[in-house]
Amino acid sequence: MDASQVTQVTEMMYALRNPAGIPTYPIIFIGLGVLTFALHILFVQLMLGTSVITIFGAFKNDAKWRRLAAAMLEIAKVSVSVAIVIGVAPLLFVQVVYDPHWYTSNVLSAVWVIAFIVILIFAYWAMYAYYFMNSKEKDKTKEPKGKVWMLTSLALMLVVGFIMHSLTSQILHPELWKEWYVQNGVIDYSGTQLHAYNLWRFAFFISMAIPVTGGMLVTYRRFKMVREDADHEYLNWAAKIGKKWIKLGSVISALLYVAWMMTIPETAGDFATSFWGIIGGVMVLFYAIWAQVRLRGDAMFCSYMALPMALVIGLVVAISREMLRYGILDGFFGYDFMDYKVVMDWYSTGLFFLTFAIVGGTVLAYFLTIAWQAGQTVGVYTPSPMVNRMGTIAIWVVAIWTLQFFVVGFYVWAQ
Amino acid sequence: MDLISLYPTWYEPMLGSGWVVALIATFHVLASHTSVGAAMLFAYLSHKAYREDRDDLLDFIKKYGLFLMVFTYVAGSITGPGIWYSTTVASPNGIGALIHSFVWKWATEWVFFVIEVVGVYMIVYLVGKVDKRTHMKISIIFGVASFATLLIIVGILSFMMLPGKEVWFEEGGYLNGFYGTNTFIQTGMRIAFMFTMTAVVGGIVVAGIKDPAFKKEMARKLGWLGIISTLVGAALFQLYLTAVPEQALLVMENRLPDYFGPSIMIVLAGTLGYFIVTMLQPKIIVESFAGAMAVIILVAGLWPEETARESMRKPYVAGQYVYSNQVIGRDVPGMDIKSQLPTIEKVGILKAHPFTPEHLQTVNAGNKIQAGEYIAMVYCSNCHSPSETGIRPLHRYFPDGVTEERMQKYVKGVLTTGNIAYMPKMPMLDSEVEALSAYLVMNNNGGQKAITAAIKQEVENRDRALVEKNAMDKVAVLELSQEVK
C-alpha cells in the first residue's frame with residue numbers, strides 16, 4: 001500500500017466515527033473492554049473445557065469419569081450464562097471507541113452476525129436438552145442418554161466462537177473493507193461471507209480451555225473436599241487430571257500463541273517480537289511453571305488460586321491482543337482511539353462506577369457467600385447473623401438505587 | 001474532507017433488514033419482560049412462603065424459575081445483545097447514536113444483569129438448600145435488580161422516539177436526554193405489560209400443578225395480576241399517545257394499517273377473557289393450551305405495539321436527529337453535532353459516502369443502474385425493500401409502466417426536498433436523481449432480474465473498456481519506446 005492509499009483508509013475510519021462523541025476519556029473504555037474481555041473469555045474457555053469433559057465422560061465407561069462429567073455439566077451450564085452476560089460488556093465497549101471498525105466488520109458479514117444469535121440459542125438449548133434427559137437419573141455412573149445433544153452443543157459453540165473470531169479479525173483489515181464490499185466489480189450487499197480469519201489465533205484461544213479447565217478441576221477438589229460427605233479419592237483423582245491439564249495445556253497454548261504471532265498481518269510490523277507480543281506467550285507458559293511449583297500435594301491455598309491465576313494470564317493475553325489492534329490501527333494507519341471527541345458527562349460516568357462498586361460489590365458479595373456456603377453444606381444451610389445482615393444491606397442498596405432513579409428523574413423532569 | 005459517517009448497506013431480500021430487527025426485538029421483549037415480571041412475582045411469593053412457612057409456593061417458584069431459565073433467560077440473554085447485533089447490521093448509526101449517548105447507562109444495566117444471572121440460578125437451585133428467609137432475601141434482591149434493568153432500558157428506548165426534554169438539543173447532557181414525560185409513561189406502560197406477560201406465561205407452570213386447591217389459588221393470583229395489569233396497561237397506552245410528538249401521531253394515523261386498531265382491541269378482549277375463564281375454571285389450564293395461549297396473546301399483543309413504535313418515530317430512527325437511512329438530518333448544538341445534509345447537497349450522496357466504490361463516484365452512462373441501485377440501497381432500503389417481498393417493497397409505490405421522466409419529477413420534487421412528512425430529506429445531485437430514477441423504473445417494470453442483467457452488462461462494458469484502454473496504453477508505450485530508440 002502506498003502512502004496515499006493509507007491516508008484514504010485513515011480518512012474513512014475517522015469519517016465513520018459517531019459525531020455524538022463519547023462521555024468519558026477513551027482509555028477508560030479500552031481498559032474496561034480489556035478487563036471484561038478477559039473475564040468473558042475465561043468463562044468461554046471454562047464452558048468449552050467442561051463440555052469436553054462432559055462428552056468424554058459420557059463416552060468413557062468409567063465410574064469416576066461419568067461422575068466428573070455430570071459435575072462439569074453443571075459448571076458448563078452456568079459458564080455459558082456467565083460468559084454471555086459478561087460478554088455484553090466488551091461488546092458494549094468495542095462499539096464505543098472502535099465503532100468504525102466493529103460496525104463495518106459486522107455489516108459486511110451481516111448474515112453471520114444474525115446467525116450468531118440463532119446458533120448460540122440452539123447451542124445452549126442443546127446443552128439443556130442433554131441436561132434434562134439425564135438430570136433425573138440419580139446414579140451418575142450410568143451411561144447418559146442423548147449424547148448427540150451435547151456433541152451438537154459443543155460443535156455449535158465452536159461455530160459461534162469462530163464467527164466472533166472472524167468479526168474481530170476483520171476489524172484489523174480496514175485496507176480490505178472496500179474490496180470485500182465489491183466482489184468481481186459488483187457491490188455485495190448480502191453480508192453472506194466471513195472475510196478474514198487466522199486459524200492459529202482461533203486455535204490458541206480455544207486451546208486455553210485446557211489449562212483453564214485444569215484450574216477448574218483443581219478448584220473443584222478444594223471446594224468439595226471440606227464437605228462432610230466428600231469422596232476424597234475421587235476428588236484427588238480429578239485434581240490430578242487438572243494439574244496435568246494445566247501443564248500440558250499451557251505448553252500447547254504457548255506453541256499456538258507462537259504460531260499466531262508468526263502469522264499476524266504485515267500491517268502489525270514487528271509486534272510479534274515486541275514486549276507485548278512476547279509477554280503474552282511467556283505468561284501462558286508461566287501458568288505451567290506456576291502449577292508445577294505451587295500445586296504440589298494438597299495445595300490448600302493455591303488450589304483456590306488456580307482460577308484467579310488463569311484470569312491474570314488471560315488478562316495479559318487480552319492486553320497483548322488490544323496492543324496488537326492498537327498497533328495495527330494506530331501504528332500503521334494512524335487511527336488513534338485516544339483522540340475520540342469527548343463530550344464529558346460526569347453524572348452517568350459516576351453513576352456507573354458507583355453502581356458497579358457499591359451495588360455490584362454488596363449484592364455479589366452476599367450472593368456468592370450464600371452460594372459458596374450452601375455448596376459446602378450437607379442439608380439446609382442457615383446463614384449466620386452476619387451473613388443475614390449482608391442480605392439486609394444488599395436489599396437496602398438495590399432499593400436505594402431504585403429510589404434515586406426516580407428522585408433524580410422526577411427532579412430533572414420537573415425542571 | 002466531505003465524507004460523512006455512513007456504513008456499507010446490508011440488504012436481505014426475503015424479509016428486509018427492518019423485519020429481522022423487529023423479529024429479534026419482539027422475541028427479546030417477550031423473554032425479557034416476562035423474566036422481569038416473574039422476578040417480581042417470585043419476590044412476592046417467596047416473601048409469602050417465608051411468612052406462612054409454605055413449601056408449595058417455593059416449589060412453584062422453582063418450577064417457574066426453571067422454565068424461565070431454559071426459555072426466557074437463555075433466549076432473553078442472547079437476544080438482548082442480539083438486538084445490538086441486528087441493529088448494528090441494519091442500522092449502525094441508529095444504535096451508534098444510542099450507544100454513544102448512553103454507554104454508561106447500558107454499563108450500569110449490565111451490573112444488574114450480572115446480579116440477575118447469578119440470582120436466577122440461586123433462586124432455582126437453592127430451594128430446599130437454604131432456609132426460607134435467605135431464599136426470600138435473594139428473591140427480593142433479584143426482583144428489584146430485574147426491575148432496575150427495565151427502568152434503565154426504558155429511558156434509552158424512550159430516547160429513540162424523542163429525547164427526554166427538548167432542551168437536550170440545545171444543551172445536551174445525559175439527564176436531559178434520558179428523563180422526560182414520555183420516559184415515565186412508557187415505564188408505567190411496560191411495567192403493566194410485563195405483569196400481563198408474567199401472568200400469561202405463568203399459566204404454563206400452573207398447568208403442571210397437581211393439587212387442585214393450589215392450582216386454583218395460583219390461577220386466581222395470576223388471573224387478577226393479569227386483569228389489573230392489562231387494564232392499567234391499556235389506559236397507560238392512551239396516556240402515552242399524549243406524550244409523543246405530533247408528527248408521530250400524524251404518522252400513526254396515516255401509516256399504520258387499518259387493522260391495527262381493531263386488532264389491539266381484539267387482543268385486549270381476548271386477554272381479559274382468557275384470565276376470567278382460567279380463574280373460573282382452573283382445570284382447563286393444561287400445558288398445551290396455556291402454551292398456545294401464551295404465544296398467541298403475547299405475539300399478537302407485542303407485534304402491533306412494536307410495529308407502531310417503529311413507525312411512529314419516522315423519519316427518524318433515534319433521538320429525532322438520525323434519519324432512518326442513517327443520515328444525520330438536523331443540528332444538535334448541545335452535542336456539537338451538525339446536520340450532514342449540507343455536505344450531501346454540496347458533493348452528492350455518492351461522494352459523501354465513504355464506501356462508494358471509485359467507479360461509482362460519478363454517474364455516467366456506463367454505471368447508471370449500479371449507481372442508482374447504490375443510492376436506493378443507501379437511502380431507501382432501510383424502510384423499503386427493493387425486492388418483491390420484505391419491508392414495504394418499493395415496487396408497490398409506483399404504477400406499472402412508470403416512465404423515467406415521471407420518476408425523476410417525483411424523486412426531485414419529493415425526495416430531495418423532504419416533502420413527505422414521514423420520509424427523510426434525501427439530497428441528490430441531478431446526475432444522482434437520474435441514476436436513482438432509472439434504477440427505480442427498471443426495478444418497477446422489470447424487477448430484480450432486469451436489474452441484475454443491466455448491472456452485468458454495465459460491468460462487462462466497463463471491463464471491456466478497461467482491457468481496451470490497457471491495450472492502447474501498451475501500444476502507446478511501445479510506440480514511445482521505439483521512437484526513443
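How many residues of domain 1 of chain B are in contact with how many residues of domain 2 of chain B? In this predicted model, 12 residues of domain 1 of chain B touch 10 residues of domain 2 of chain B. The domain assignment places domain 1 at residues 17-322 and domain 2 at residues 340-484 of chain B, and the points below take up this pair, the contact between chain A and chain B, and several individual residues.

**Chain B as a whole**
- The secondary structure of chain B amounts to 17 helices and two strands, and its C-alpha trace extends over about 105 × 50 × 45 Å along the principal axes.
- Of the 485 residues in chain B, 61% are buried.
- Among the contacts in chain B with a separation of 6 or more, 73% join residues 24 or more positions apart.

**The two domains of chain B**
- The centres of domain 1 and domain 2 of chain B, taken over C-alpha atoms, are separated by 43 Å.
- Between them, domain 1 and domain 2 of chain B bury about 940 Å², and carbon and sulfur atoms give 55% of that area.
- On the domain 1 side, Trp19(B), Arg255(B) and Pro315(B) supply 47% of the area buried against domain 2 of chain B, more than any other three residues.
- Across this interface between domain 1 and domain 2 of chain B, zero salt bridges are found.
- Pro315(B), one of the three residues just named, sits in the loop between helix 11 (287-312) and strand 1 (316-318) of chain B, and the peptide bond leading to it from Lys314(B) is cis, with omega near 10°.
- Most peptide bonds, by contrast, are trans.

**Annotated spans of chain B**
- An unreviewed UniProt entry lists "transmembrane region" for several spans of chain B, including residues 66-85 and 222-240.
- In the model, residues 66-85 of chain B are 100% helix and 0% strand, with end C-alpha atoms 27 Å apart.
- Residues 222-240 of chain B are likewise 100% helix and 0% strand, and their end C-alpha atoms are 26 Å apart.
- UniProt, again in an unreviewed entry, lists residues 367-444 of chain B as "domain: Cytochrome c"; that span is 50% helix and 0% strand, and its end C-alpha atoms lie 19 Å apart.

**Helix 15 of chain B**
- Helix 15 covers residues 404-415 of chain B, and its buried residues are Met407(B), Val411(B), Val414(B) and Leu415(B).
- Seen down the axis of helix 15 of chain B, these buried residues fall within an arc of 105°, so they line one face of the helix.
- The exposed residues Glu405(B), Arg406(B) and Lys409(B) are on the other side of helix 15 of chain B, whereas the cover over its buried residues includes helix 16 (430-445) of chain B.

**Where chain A meets chain B**
- The contact between the chains involves 106 residues from chain A and 99 residues from chain B, and the two chains bury about 8,900 Å² between them, with 77% of it on carbon and sulfur atoms.
- Tyr189(A), Phe367(A) and Phe405(A) supply 9% of the area that chain A buries against chain B, more than any other three residues.
- Between chain A and chain B the count of salt bridges is zero.
- Thr88(B), in helix 2 (residues 55-90) of chain B, counts as buried because its relative accessibility is 2%, under the 20% cut-off.
- Beyond its neighbours within four places in sequence, Thr88(B) is in contact with Gln95(A), Tyr103(A), Asn106(A), Val107(A) and Ile95(B).
- Gly119(B), in helix 3 (residues 92-125) of chain B, has a relative accessibility of 0% and so counts as buried; leaving aside neighbours within four places in sequence, its contacts are Phe367(A), Ile138(B) and Phe142(B).

**Positive phi angles in chain A**
- Most residues other than glycine have a negative phi.
- Asn184(A) nevertheless has a positive phi of about 50°; this residue lies in the loop between strand 1 (182-183) and strand 2 (186-187) of chain A and, at 75% relative accessibility, counts as exposed.
- Ala299(A) also has a positive phi, near 45°; it is placed in the loop between helix 11 (275-294) and helix 12 (302-332) of chain A, and at 14% relative accessibility it counts as buried.

Technical notes. Residues numbered from 1 in each chain as written. Chains lettered and ligands numbered in written order. Predicted model: local features only at pLDDT ≥ 70, side-chain atom pairs only at ≥ 80, totals over all residues. Heavy atoms only, no water. UniProt positions renumbered as here; feature names shortened; annotations may be inferred. Helix = DSSP H or I, 4+ residues; strand = E, 2+ residues; numbered from the N terminus. Buried < 20%, exposed > 50% of the residue type's maximum accessible area, 1.4 Å probe, protein only. Arc of directions from axis to C-beta. Contact = heavy atoms within 4.5 Å. Domains from an automatic or database assignment. Buried area = accessible area lost by both parts, 1.4 Å probe. Salt bridge = Lys/Arg side-chain N within 4 Å of Asp/Glu carboxyl O.
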